[in-house]
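Hi there,

Here is the structure I promised to pass on to you. My notes on what turned up in it follow right below.

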Amino acid sequence: ISKGIIKPNKYKKEVKHDYCLILGTNSEIKNVQENTIRSFKFDFKPIEKVKEMNMDETLDVIGVIQSVGSPVKQNVYNKGTTMRKTITIFDCSKVSIEVTLWGDHATQTPLEIGDIIILKEVAVKVFNNQKSLSMTFKSRLFTGDTIPDKDLPELMLIELLNDLGAVEVRPLSDQTSDLGGKRELKSIAEVTTIAESLPEGEIKWFDVNAHAMTVLTRYDKPVFYMACSTCKKKLVEGSLSYLCNNCNDEDLNPVPKYQCYVRLIDSTGDMYAAVFDEGAAPLFGRTAFEMMKKYSENPVEYKELLREAEQYREVKLRISAKLDKYGGVTKIRYIVHHLSRIDHKSACELLLNQLESLEPNSDKSIGQRMEEESC
């Protein structure tokens, strides 16, 4: 490749390299002889580390196939149908996780139980508070003869584990009951205090229980935007179609994504945070695509749904805080990445466990003593 431009990489969430190569109209690409290019570079992480990762983060994993599902048809918005297949893999951490394969990987890639598989840049997904992995348009799959480097230390370890035969494996869902294991809840005052001391550009994550209300300025405006079907970035509306500045192409199949703000309140203070797509769906009780249909087909019902979303409700949130400059002004940006209704029974059990840890010498749990006193 010649006559390209090197620039710092602004999209480290999607591609984890420091720099990117921009190719323009004068750039040249020529074929070279095989076996002259360095093999893939992997950054493997144990499956058990997935519980500490956030949705849409990517990683490289190497493991053994534990089960293989059958391909099934999956409807994809504005793209008809594609094939989907789910497999389960485990690795040297003796933890298993489900992996979703799409398209040709679901139908054309031969996979058998016991095969060793390498997945590069697979994304973490969350559904019903359970984490899994999913291949995306940038993911790569290697197995058998397609594995590029037979001398990988991680490959030798997984081969040794596989040769041992029966291995006691636990699913990742047994390791955590929520989006990242047992994490300490923070109050809003604690979140804002910690965020104010963050270095510029650093991201900090928090779990918060609070009352949330959707903040809306106008009922006749959409709470969603049209995103690129390829890169998911916001599109620019043209005269006849939508344009993606990131892909430098028009998009005939845009995807609606939520974008709004919420006000969060607890006993220590309040704050405002941006919320996007999956995080906003529980606020409106429907997907962004369903909300878009209401906006275009039934404006009266659309406005009523917005008014309902302005009611306070008790929720559990996963929030990120980042100190950035906007128009020359330094501000803290809070983003909600996950939002769900509070399970009061689980919250009370967690509180009782925390209280019991403060009385290690007691022969009865706090719950048992409360039951005796109530009798």
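**Cores first**

Leu317 touches Phe206, Asp207, Val208, Ala210, Leu264, Val336, His338 and Leu339, leaving aside residues up to four places away in sequence. Before you go further, please keep in mind that this is a predicted model. Leu317 belongs to the largest nonpolar core, which has 39 residues. Together with Val223, Leu264 and Phe284, Leu317 touches the most other members of that core. There is also a second, separate core, made of 21 residues, and Val99, Val122, Leu141 and Leu172 are among them.

**The chain as a whole**

The chain contains 8 helices and 19 strands. It has 375 residues, and 35% of them count as buried. As for the exposed surface, it comes to about 23300 Å², with carbon and sulfur atoms supplying 50% of that area. If you take the contacts with a separation of 6 or more, 61% of them are between residues 24 or more positions apart.

**Strand E16 and its partners**

You may want to have strand E16 (residues 255-266) on screen for this part. E16 runs antiparallel to strand E17 (residues 269-276), and 8 bridges join the two. The connection from E16 to E17 is a hairpin through 2 residues. Beside that turn, Asp266 stands opposite Gly269 in E17, and Arg263 stands opposite Tyr272.

E16 also pairs with E11, again in the antiparallel sense, over 5 bridges. In that pairing His211 stands opposite Ile265 of E16. Strand E12 (residues 224-227) is joined to E16 by 4 bridges, and these two strands run antiparallel as well. Here Met226 has Pro256 in E16 as its bridge partner.

E17, for its part, has a parallel pairing: 2 bridges link it to strand E19 (residues 329-341). Ala274 has Ile335 in E19 as its bridge partner. As general background, the strands of a sheet pair through backbone hydrogen bonds, in either the parallel or the antiparallel sense.

**A three-stranded open sheet**

Another sheet is open and consists of 3 strands in the order E13-E14-E15, with antiparallel pairing. Strands E13 (236-237) and E15 (249-251) stand at its edges; each has a single partner strand, so one side of each is left without a neighbour in the sheet. Strand E14 (residues 242-244) pairs with E15 over 3 bridges in the antiparallel sense, and Tyr242 stands opposite Asp251 in E15.

**Two residues up close**

Is Thr143 buried or exposed? Thr143 counts as buried because its relative accessibility is 12%, under the 20% cut-off. This residue lies in strand E9 (residues 140-143). The Thr143 side chain reaches the backbone oxygen of Ile116 at 2.9 Å. Ile116 is also one of the residues that Thr143 touches, along with Pro110, Leu111, Asp115 and Ile117, when residues up to four places away in sequence are not counted.

Glu202 sits in the loop between helix H3 (188-196) and strand E11 (203-215). Glu202 counts as partly exposed, because its relative accessibility is 38% and that class runs between 20% and 50%. Which residues does Glu202 touch, not counting those up to four places away in sequence? They are Ala321, Lys322 and Leu323. Ala321 is 119 residues from Glu202 in sequence, yet the C-alpha to C-alpha distance between the two is 8.3 Å.

**Cysteines**

How many disulfides does a search of the whole structure find? The search finds 0. For reference, a disulfide is a covalent bond between the sulfur atoms of two cysteines. Two cysteines that I looked at are Cys228 and Cys348. Cys228 counts as buried because its relative accessibility is 3%, whereas Cys348, at 48% relative accessibility, counts as partly exposed.

That is what I have for now. Enjoy looking through it!

Best wishes

Note on methods
Residues are numbered from 1 along each chain as its sequence is written. This is a predicted model: local features need pLDDT of at least 70, side-chain atom pairs count only at pLDDT 80 or more; totals for chains, interfaces and linings use all residues. Side-chain values use heavy atoms; hydrogens and water are left out. Buried means under 20% relative accessible area, exposed over 50%, partly exposed in between (1.4 Å probe, protein chains only). A polar contact is a pair of N or O atoms within 3.5 Å; within protein, one must be able to donate a hydrogen and the other to accept it, and residues adjacent in sequence count only if both atoms are side-chain atoms. Contact means heavy atoms within 4.5 Å. Two strands pair if DSSP finds at least two bridges between them. Accessible areas come from the Shrake-Rupley method with a 1.4 Å probe; for residues, only the protein chains shown count as cover. A nonpolar core is a set of buried Ala, Val, Leu, Ile, Met, Phe, Trp, Tyr and Cys residues joined through side-chain atoms within 4.5 Å. A disulfide is a pair of cysteine sulfur atoms within 2.5 Å.
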